[in-house]
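Work through the exercises below with the model open. Try each task before you read its solution.

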Amino acid sequence: MSLSTHVLDTAAGRPAIGLAIRLESAAGAGWVEVAAGITDADGRLRLPSPPVGSHRLVFATGAWFFAADVESFYPQVCVEFTIRDPGEHHHVPLLLSPFGYSTYRGT
């Protein structure tokens with residue numbers, strides 16, 4: 001069906017606009033990029049739905065904070081997840097601050 005993410009900068013209380021994100025899929029002993037994009041004005045990004053298996057979203061948080069002249073700790077946030085039913089919608093939100101983050105499976 002589809003895969004989406006929504007990134008909120010919890011320190012600023014705003015969407016993380018313009019954050020680069022890669023979707024990677026497990027391939028043998030490594031990972032291969034299958035899609036990429038940048039969050040919109042609401043901090044959202046829709047990506048093609050990956051097939052059954054292991055995947056990850058890689059959020060370029062360090063570059064994003066650097067561009068805003070904000071000191072941060074994590075150069076990237078990598079959220080690995082498993083697709084079991086490609087017919088379902090999968091939503092992977094990220095709550096972000098310069099020195100921490102949280103994620104969960106959304107709807």
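**Exercise 1.** In β4, which residue is the bridge partner of Ala-27?

*Solution.* The partner of Ala-27 is Gly-30 in β4. This is a predicted model, where local features need pLDDT of at least 70, side-chain atom pairs count only at pLDDT 80 or more, and totals for chains, interfaces and linings use all residues. Residues are numbered from 1 along each chain as its sequence is written, and side-chain values use heavy atoms, without hydrogens and water.

**Exercise 2.** Describe how β3 and β4 pair, then place them in their sheet.

*Solution.* Start with the pair. Strands are DSSP runs of E, at least two residues, numbered from the N terminus. Two of them pair if DSSP finds at least two bridges between them. β3 (residues 20-27) and β4 (residues 30-38) are antiparallel over 8 bridges. Ala-20 bridges to Ile-38 in β4.
Next, the turn. The hairpin has 2 residues between its strands, and Gly-28 in the turn has a positive phi of about 65 degrees.
Now the sheet. Its 4 strands run in the order β4-β3-β6-β7, open and antiparallel. β4 and β7 are the edge strands, each pairing on one side only.

**Exercise 3.** Which strand gives the most to the lining of the largest pocket?

*Solution.* β7 does, with 4 residues. β7 (77-83) and β8 (89-91) each supply at least two lining residues. The lining has 13 residues, with Phe-81, Thr-82, His-90, Val-92 and Arg-105 nearest the pocket centre. A pocket is an open set of points on a 1 Å grid over the protein atoms alone, where a 1.4 Å probe fits, with protein on both sides within 12 Å along at least five of seven lines; lining residues have an atom within 4 Å of a point.
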